[in-house]
Amino acid sequence: MTSARFTLSIGAISALMFTASSLGSGLILNEWNAVGSQKWLGNPSGPSSECPNPEGPAGEDCADNDDTFFGRVQGNGGNWIELVVTEDNLDIRGWEFRWAETGNLDGDGTDYWWGNGTVRHGIIFFSEDELWSNLRAGTIITITEATTDEGGLDTDVTFDPCNGDWWINVNSYDKQYITTVHNRPDRPDGYFSVDNDDWQGRIVNAGGTQVFGPIGEAVSGWVGGGINSREIGELIADPSRNVSISDYDDGSGSTFNQPNRWTTTVGFNPLVVCRKYQDFSNLRTWTFDECPCSRVILNEYNAVREDRFLNGGDENGDEDGGFAQDTFFGRVMGNGGNWFELVAVDDVDMRGWVLEWAEVRDDTEGQIFLSDDPFWSAIPAGTIITFIENTTSEGGLDTNVDFTLPGGNWININTFDTQYVETTTSNVSSPTWGEGFTAYTNGETGNSFGIRERGETDLQDSRLFYEFMNNTGDIVVGFNVSYDVECWYHGQRANRIRLKYNNATSGFGSIDDIVSTDNPLGPGGPGAPVDGSLPENRVEVSVTIDLVDLGFAPIGVGQTSFLRWQYSNADGDGGNPRSGLGINNLVVEPILAGGGVGASYTQNFNNYLGSEATLPAEMFVTGEDGDGNEFPGSFDPFTGVSNINNADELVPGQFRTSNRDWMLTIFDDQDALVYGPAGQGAPGWTGRGVNTLNTGILEEDPRTTTLPGSNHNESIMSTFGGPNMWPTCTSPQQIVTQDFTGIVPCEDDVDPVDPCPADLTGDGVVNVFDLLLLLESWGTCADPSNCPADLNNDGIINVFDLLELLANWGACP
């Protein structure tokens, strides 16, 4: 009876093997870029009043979708594909990735594999290089056609999973690793193509057998929408060797070299949207045995800017209509200031350790040197350690090391406390520039709204807004606008002021200037203050705006629109600093559809004297720094306010946390690496990106097996000094709280190596009884961490586990 069942199962194996091999293998396609060279990720398909030019340079401001690596760039990095290794110790030397654009018939007639040489297609060949001989499960491999100089990426085959680097990139022109063929004679060797013309890919092993695919929008079983030229194609499931065509979709959340992300509704409620991320943990379990045991890990850090609230809004509520707040600080501006949180996952002696932080985008870094105080000699596993810059009186928290803080396993270190922090240092230089937004330019009696910059930092796009509310009782079809452009300080840049109109505060980048006024350069040279009220330093501007001619609808009663004056470089302008320009004597007169004009709005900025002057309610200012990050401005006619912290030299005790690709690396007293780097600026970051309204958190239980490239993400659920919390995508939605009870010190957290994992019964032999247990467990593991029959640790019991068991048939070694 047993023998007959065994024979029947083997018969079924053949069918299962055929089905599985046609879908996936040890190497799968994870993502591919279909964004056209003149297109932008996530842009609309055609012109609109909000986005009149969605293609080309003008389309940059039509959406905010960006790739996690390339950022928001035209073409989204060019032709690239992303693969994932799903089988440990995989050898792909001599393998092929075959691609075809089945909707594009411009091939030269050469048929490499498709069967029709008019269809554009080609092959990417993996060389015999040693790089491909032993790939580890969980590795992400990207292949780019464009070089770094061309907006893509050069080859980088560094790989350090134990420190969060799971990524290998190979440029297709690097013949050490890749060669290509294609039927596009107008393109050089090394070229391959990815686009939205019914593109598909498949993988063939060194023996010529197709082991993966086909995957693509033209393949039977595709369930997503059609991929367009502003999207990517992606796997929207956890990577494994068992993926199928139904697991792929189109999307606009591009994640080159990182786990894919996508949105889904929670339950059946179309209004509750949740972002999901791929989970690579089942593929990367091999690191538990081969990587050093973690002793201290980064758990959370604050990136909320000092002038903002968690998740935006004001003290009364956040931007989503909720009341996001930190579990310790509550809802306060700045969310407690600069702070980060560690968890000791082992009993540890931290005397003399160095905590090194960095803001990668700004090339700034600093160190926190722990003292030799005996307190640091015995930090028990499970302890939360927070480091904070502000004292309690400053809205932060003073040092407390007696474990009397809430939860009992939490200690807090204020970095100005020299008993525990020997000192802090940084490479942040002394102030190199002063005023950002300023009106005070030439003595206390001469002032006007404007900008004035010194040094190397460039406030690229300072803006003054006038908000028009139509209270005229009639439809408004245009405006008569007049104002003076005044020069109050001669800089090395001429500068200009550009007037634009829109019916929202965003999307101006794609709208043409109504009028652009260059600096009225009067007598004097760079560095000279001048009197902007004099005729030689002033230009009078007058313009009539027809909304229909601009492509906008008239303004209905009660509706709002905006005029914006942008301060920017003049064409061909260069040098530092900018000249100090200002707007004065502003008059805005609405033109009514019924004939005539409405009441004029007038503003003379020279009337604003005093150290705390503010703009009228109808006007406000914003700015943008050199990296495109927007920030609010203030109107102070004497000192100027920029709201960027680059101008402050850090003194001992100070440090920074931020959204500037912040990361942390920890070294012991012998300068040996303990942990990191971890954070948004480090390899392996899995979230979209921390902004100035977020914290960065670890979304898994802290363990000695937690690596720097683990599940860190952005969050609005801030928990200074307590376990992290994050929402699930279940219905009803639940909140997960970190569990610290499973933390086991390193010496006790070693899984014994099972010399015979296929012996499921534990009787010392792999035989039919083990086979029966495997077949009874067939399918997806209910608990991947406790699934003995999942012999290849991919989260599912299937034909590959069956083959593994049969390969070990007989007595255990």
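Here a visitor asks how the terms used for this predicted model are justified, and a guide answers.

Visitor: What does the protein contain in the way of helices and strands?
Guide: There are five helices and 42 strands in this predicted model. Of its 813 residues, 53% count as buried. Among contacts between residues at least 6 apart in sequence, 70% join residues at least 24 apart.

Visitor: Let's turn to one residue. Where is Asn 257?
Guide: Look in the loop between strand S11 (248–251) and strand S12 (261–266).

Visitor: Why is Asn 257 called buried?
Guide: The relative accessible area of Asn 257 is 8%. Buried means under 20%, so Asn 257 is buried.

Visitor: Which residues is Asn 257 in contact with, leaving aside its neighbours within four places in sequence?
Guide: They are Phe 69, Glu 82, Ile 140, Thr 142 and Trp 167. Each is listed because it has heavy atoms within 4.5 Å of Asn 257.

Visitor: What makes the link between the side chains of Asn 257 and Gln 258 a polar contact?
Guide: The two side chains are joined at 2.9 Å. The cut-off for a pair of N or O atoms is 3.5 Å, so the pair of Asn 257 and Gln 258 counts as a polar contact.

Visitor: Which residues lie nearest the centre of the largest cavity?
Guide: Asn 257 and Gln 258 appear again here, together with Gly 164, Trp 166 and Gly 684. In total, 13 residues line this cavity: five nonpolar, six polar and two charged.

Visitor: What makes that space a cavity?
Guide: A 1.4 Å probe fits there but cannot get out, and therefore the space is called a cavity. About 100 Å³ of space lies in the largest one, and the whole structure has three cavities of 30 Å³ or more.

Visitor: How does a probe help in finding such places?
Guide: Rolling a probe the size of a water molecule over the atoms shows where empty space is left.

Visitor: And what about the second largest pocket: how much space lies in it?
Guide: About 380 Å³. Its lining has 20 residues, and Val 35, Gly 36, Ser 37, Gly 78 and Asn 79 lie nearest its centre. By class, five of the lining residues are nonpolar, nine polar and six charged.

Visitor: Why is strand S2 said to be largely enclosed by the rest of the structure?
Guide: Six of the six residues of S2, which spans residues 80–85, are buried, so the strand is largely enclosed. On one side are Trp 80, Glu 82 and Val 84, and on the other Ile 81, Leu 83 and Val 85.

Visitor: How do you know that S2 pairs with strand S5?
Guide: Pairing takes at least two bridges. Five bridges join S2 to S5 (residues 140–144), so these antiparallel strands count as paired. Val 84 stands opposite Ile 140 in S5.

Visitor: What joins S2 to strand S1?
Guide: Five bridges do, and S1 (residues 27–33) runs antiparallel to S2. Ile 28 stands opposite Val 84 here.

Visitor: One last residue: why is Gly 795 called buried?
Guide: With a relative accessible area of 9%, against a cut-off of under 20%, Gly 795 is buried. Gly 795 lies in the loop between strand S40 (779–780) and strand S41 (796–797).

Visitor: How far apart are Gly 795 and Pro 784?
Guide: They are 11 residues apart in sequence and 5.3 Å apart in space, C-alpha to C-alpha. Beyond its neighbours within four places in sequence, Gly 795 is in contact with Asn 282, Thr 780, Cys 781 and Asp 790.

Conventions: Residues are numbered from 1 along each chain as its sequence is written. This is a predicted model: local features need pLDDT of at least 70, side-chain atom pairs count only at pLDDT 80 or more; totals for chains, interfaces and linings use all residues. Side-chain values use heavy atoms; hydrogens and water are left out. Helices (H or I, at least four residues) and strands (E, at least two) are DSSP runs, numbered from the N terminus. Buried means under 20% relative accessible area, exposed over 50%, partly exposed in between (1.4 Å probe, protein chains only). A polar contact is a pair of N or O atoms within 3.5 Å; within protein, one must be able to donate a hydrogen and the other to accept it, and residues adjacent in sequence count only if both atoms are side-chain atoms. On a 1 Å grid over the protein atoms alone, a cavity is a set of points where a 1.4 Å probe fits but cannot get out, and a pocket is an open set with protein on both sides within 12 Å along at least five of seven lines; lining residues have an atom within 4 Å of a point. Grid points are joined across faces, edges and corners, and a volume is the space filled by probe spheres set on the points. Ala, Val, Leu, Ile, Met, Phe, Trp, Tyr, Cys and Pro count as nonpolar, Asp, Glu, Lys and Arg as charged, and the others, Gly among them, as polar.
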